[in-house]
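Q: I'm new to this one. Can you walk me through it?
A: Sure, let's bring it up and start with the surface.

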Amino acid sequence: MDLNELETLRTRITASRDKDKPCITVCGGTGCHAYGCLKVAQAFRDEVRRLGLSDKVAVRQTGCHGFCERGPIVVLQPKGIFYQRIQLADVPEVVSKTVIEGLVIERLLYAEPKTGARIVAERDVPFYKRQHRRIFGSNGHLDPTDIDDYLALDGYRALAKVLSEMAPADVIAEINSAGLRGRGGAGFPTGRKWEICRAAHGEVKYVICNADEGDPGAYMDRSLLEGNPHSVIEGMIIGAYAIGSHEGFVYVRNEYPLAVENVGIAVEAARKHGLLGKSILGSKFDFDIRIFKGAGAFVSGEETSLMSSIEGRRASPRQKPPFPAQSGLWGKPTNINNVETWANVPWIIRNGAKAYSQIGTQDSKGTKIFALVGKINNTGLVEVPMGMKLREIIFEIGGGIKGGKEFKAVQTGGPSGGCMPTELLDLPIDYASLAQAGSMMGSGGMIVMDEGTCMVDVARYFLHFTQEESCGKCVPCRVGTRQMAEILARITRGEGVESDVERLETLAKTVKAGSLCGLGQTAPNPVLTTLRYFRKEYDAHIKERRCPALVCKAFLAFDIDKRKCVGCLLCLKACPVKAVSGEIKKPHSIDQTLCIKCGACFEVCPPKVRAVTKTSGASAPERVLP
Amino acid sequence: MKITIDGRSIEAQGTKTVLEVAQDNGIYIPALCSHPRLAPYAACRLCVVSIKGKPGFQPSCNTYPAEGMEVVTDSEELRLQRVRTMELILSEHPNACLICSEKADCEDHKASIRKSAEVTGCVFCSSNRRCELQEIVVRLKVDSIPYSSVYRGFSVRRSDPFFIQDYNLCILCGRCVRICHEVRGAAAISFMFRGSQAVVGTMFDRSLMAAGCQFCGACVDVCPTGALAERVGRHEALPDAEAETVCPYCGVGCRLVVETLQGRIQAAKPAEGGVNRGQACVRGRFTLRDVVYSPSRIRRPMVKKDGKLVETSWEDALAFVAGKLKSYAGRACVVVSSQLGCEDLFVLDRFAREALGAGGAVPSLQPSILDGLGDLVKAHGLKTPHRASLADLPGSKAILVLGENVPVSHPVVWVEILEALRCGAKLLVASHKDDLLTRHASQSLKIRPGSEFYLLASLSKVLLESGSPQAGSGLKGLDGFKKSLEKLPASCLADTAGLQEEEVRRLAEALRCCGPIVLVFGQGLISMPWARENLAALWDLAVLTGARLLPLAEESDLFGAWLLARRKPSGAPSLETVLRAATTGEIKALYLAGPAPLPEKHGLEFLVVQDSFVNEACQGADAVLPAATFAEAEGHFVNLEGRVQKSEKVIEPVGEAKPDWWIASHLASRMGAEGFGYEDAGRIKEQLDKEGLLALQEEGEAGFVPVTAPSGGPERAAEYPMVLPGEYCPDYYRTLALCQASPDFKVLRNPRRLKIGPEDAAGAGLQDGAKARVESSSACAAGPGTARVKITGAS
């Protein structure tokens, strides 16, 4: 296929599509999958067929819409009616009432939590309203397994432009002036990276798409690959053209089966359409992509480690320099960018660097997708302009903290990021500001924590993760993270000593300064930031022997307020070790020597009664050992 | 370029790392994972330095100098960083001794404390006081560890031969894994698991034996701690002396440092310099001690009295032997092993000619590939094609290996070939079986056993027809060679070797590459009756392509024996004729200073065995004279490159053994021969040098020799339907087989096995593990060889 044929095809596709034809789009993202969207989509198809509407109504399973908290999500086009939490039982009603009669079903609409007002259109939902869905927006409009959908949305127009009008140097200049920086974590200017690789000596060069997203709670790249794989592929082809590479790899973890499947289908379709392979779109440029399935080690996301894995060796990082652009995959100059970075490329080419750089901050341009998770009302993927304040993301888009609790901290950048407290809520997010606050952009994980979260326990959790995921090559990371995790575990067990804090600080500095790769160099961040912003909690654990957030078991005590207890026997029955004693309708009591602090009594005590108390520290009852 | 280290201006090359530059200039930087033979790894993080203009610390082992670079190797913050990193290393390494309050007095009281089952501190460790970790700990002055120590609780692995693995002591520097992959190409070990669970292990956690370990010991030698330790001598005290010898087994001539304690050999380790560049193989690294102290050593001279060998004094034995031999002058022969030093071979040869009137001492391994080439030189008056040294291998572009399983027979040559492969050379192999060699080959041709001639001739033919290699143009004999090639029946070439023409053409293409070529060949090439034809074809291919020849000498002094034999008049007896003469009774007395398969029935009247070990021949011997081993006498050996190397005397001879030259010269003197008054080996060497006997002067013109098709093989095919190629491995010293000397070696390799295809086995009624009798068409099936055989019986 050449350039003209591409345009002809695009015209044919758009002409064959009636913009006013009703279309039921069911989100097919991973979150909605978990809610059972596959069955819902099938039910819609069956219902439409049963009613003989197959010609008049289309059903489309799309990529992730982002609002995972409310899945399965169904949007009825062309009006854009936004239904959430659709169950199988709702399907016939939606078809008969909304699709056929055009009526809106109130109860399926999203309700504004504060006012309770129902919102009809997707774009009016506060979760979406403040977002800037440049990269992620098309997800909801296309079926990722159908290249026609992508072509209908101006897909591969950027590639056509590059191949017909632009020299490689022009492409790099465009990316440079757009100010695009790597979305994988370190934020290296993408155009600069391409330039170095282009200038590197060598006939054979590779480009790689890093889709080995491994941060707990982060799934932006997954949703992009699952929902809009062609945008990533188009970006890679453009990058390869700019760099002078003819072979590319998508390194995707095998734990993302849908991403593996969809990107495979997309590569196949692109090849069939002459968008990959020999003389792409009739030009003299050849490029093809191979998909490499990673076995899911966190450290494989590190670029040198990833290349080592593609080469068939153990995924361990090596010291840089040489950088991949000088000597990468099989010793050849290699350019690695993350999924989101690649997906930004076609947009820049289509709309121009100027349009791209209009949003963002001084040194961080464009938008960034975050995975907003944790103790937040609107869990999901959000795409916001760089420079948006944390407060806006968490309280406006995210809808605030679950259960009306107090916000305590937000952790950005995955397990190696830092925890930022309330005082930093007005921090505009970009690469520099996050680094200054002791955290990092990372690939875009954002974990929100409420007052019921113990920060020492959080640090322990993340260090436990990094010590398990360290490759074990260099000493500071292998042994240092293990020692930090052990000290933190000791503190949460109530065995902390005063020198532990100092020892943690020393260790954190040693590991940060001494480690070989990014994993080790950033692993101490959770410790360092919690020590910086939540030092009081460490002191409470070590000096006062209490856990302010009532999380660490060692410091907890459960007791029964005799004035409140109605003697319902619930806690007595729930106790697994028979520590609760008492008779019906008489106040119960807990034998502290038997109690294993499982919290079962606390959980079952009816909210009206609230007789069981959970306390920590001085107010806790003495535990008298026999 | 100029760089500054700690304020000192230093001239540096871009090829050496900052760490190496610093070390070369006497600046100390602690480092544990780096090693001169290995690529930078940057894992221990002890060698960190500060570089002006770069943030944080940089590992000096992975940093290359740049013009004007300013390096600081010692500062308070660097010291702190190193100490803290070391504390982390020690938190996982048994460190009881380090923080022990009694450590200052410990040395006086620790007697045999090393025999404890579990290493909890330095004094319990076999590497105590030769541990790199320990050294750095002392230099960094670390004496307390602020962390809880972790004992990983691995059970010590003792099931494999030669060395034991205690990964509780491992600091995961990765040297063992890297040397196994990068240098030895065995890749038997690797890392398992990750993070704090990471440990060195084998695939599926099998034994090293099952994982394809060659037991070269390179991992043991690079281990900076006691995690890998040689089993033998592990609980002994440290050596008090050492001497450098030449490994006595194969022709590579590896230099070994032999460590001794109170005059007893403890261990042998590859020397850093020299031909072997710090590498050795299982034989040299692990079996020397077992060989020297073998229970089958002959300790005192013995003579036959009343049909029985009885021990006697040297005086009596020499008088007896000299007296008897005198009466057999002219009807006696001497057989020698080419594992003896040049001094021994020279004196024994003189002894044979001047005292016994024989044609000269006959080497037990004969004909050798060197003899074969020498014969061609003599016959055609040409110069041998260029000889290669081991150092030529890494720089070559193509290496063709014929007639030898190099990874097993000459592992240190294999190390150099692997280095060449890493540098981009192509490995071309023609062999009748699949092994490690063919697995690494860029092109591997499966040929019929013994059909190398046809492959070589057709390669030359293809190359000549396409006319591109220029190396041989205009040289003498080219036309004759071309004509002789044309005379070969066209059909018999590739086809006879069992190959497609296309395969030969592709191989020829690889040989036409621009760049140095080395032809590596071994005894397998001359084990068929048409040895001379094979060598002629090889010779011509070498001249045609300008390739260098690397003959894989099997024995440590084969080259020396060949050099000395050049003095002899042509027609000197071969081992085959000697044995035949012994059987028929043409000769009456035989003097064995090397292995010779004596027939059960022979016409000998007087048999003398001069050897270090009791062997089969001793039973029928009239006198047995104990000879010193390589470790007990000074001597010179000529390796396969022609390099003359000195081997030092390491220990006093075991029992009353004497150097071979000493015995021969004393006998000769007593028999009235003149000029045998040698007092030490040095005098003999002086004479060798004076006469220029060890100098390799190859004169004459380069040129081609005509080739002829082999005869004498295939026509006996009906009678002897199978071809039996032997596996050549110098797994012996003199008459002692290594599997007999070392129980561990026996686990690794037991050569007394016949490998046969399933169809042939079924035809002969053989089952796995059965015993078979093999009969060959070759009159002399002396050593391992290739021969047409039939299996005549099974049990």
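Q: How much accessible surface does chain B have?
A: About 32500 Å², and 50% of it belongs to carbon and sulfur atoms. Accessible areas come from the Shrake-Rupley method with a 1.4 Å probe; for residues, only the protein chains shown count as cover.

Q: Anything I should know about the model itself?
A: This is a predicted model: local features need pLDDT of at least 70, side-chain atom pairs count only at pLDDT 80 or more, and totals for chains, interfaces and linings use all residues. Residues are numbered from 1 along each chain as written, chains are lettered from A and ligands numbered from 1 in the order written, and side-chain values use heavy atoms, with hydrogens and water left out.

Q: What share of chain B is buried?
A: Buried residues are 56% of its 795 residues. Buried means under 20% relative accessible area, exposed means over 50%, and partly exposed is in between (1.4 Å probe, protein chains only).

Q: And how many helices and strands does chain B have?
A: Chain B has 26 helices and 31 strands. These are DSSP runs, numbered from the N terminus: helices are H or I with at least four residues, strands are E with at least two.

Q: What box do the C-alpha atoms of chain B fill?
A: Roughly 85 × 70 × 60 Å, along the principal axes.

Q: Switching to the partner. How many residues does each chain bring to the contact?
A: Chain B gives 28 residues and chain A gives 28 residues. Contact means heavy atoms within 4.5 Å.

Q: Which three residues of chain B supply the most buried area there?
A: B:Arg45, B:Leu88 and B:Arg194, with 24% of the area that chain B buries against chain A.

Q: How much do the two chains bury between them?
A: About 2600 Å², with 51% of it on carbon and sulfur atoms. That is the accessible area (1.4 Å probe) that two parts lose on being put together, summed over both.

Q: Now chain A. Where is A:Phe127?
A: In helix α5, residues 126-129 of chain A.

Q: Buried or exposed?
A: A:Phe127 is buried, because its relative accessible area is 0%.

Q: What does A:Phe127 touch?
A: Leaving out residues up to four places away in sequence, A:Phe127 touches A:Gly66, A:Phe67, A:Asn378, A:Gly380, A:Leu381, A:Val382 and A:Ile397. A:Gly66 is 61 residues apart from A:Phe127 along the chain, and their C-alpha atoms are separated by 9.3 Å.
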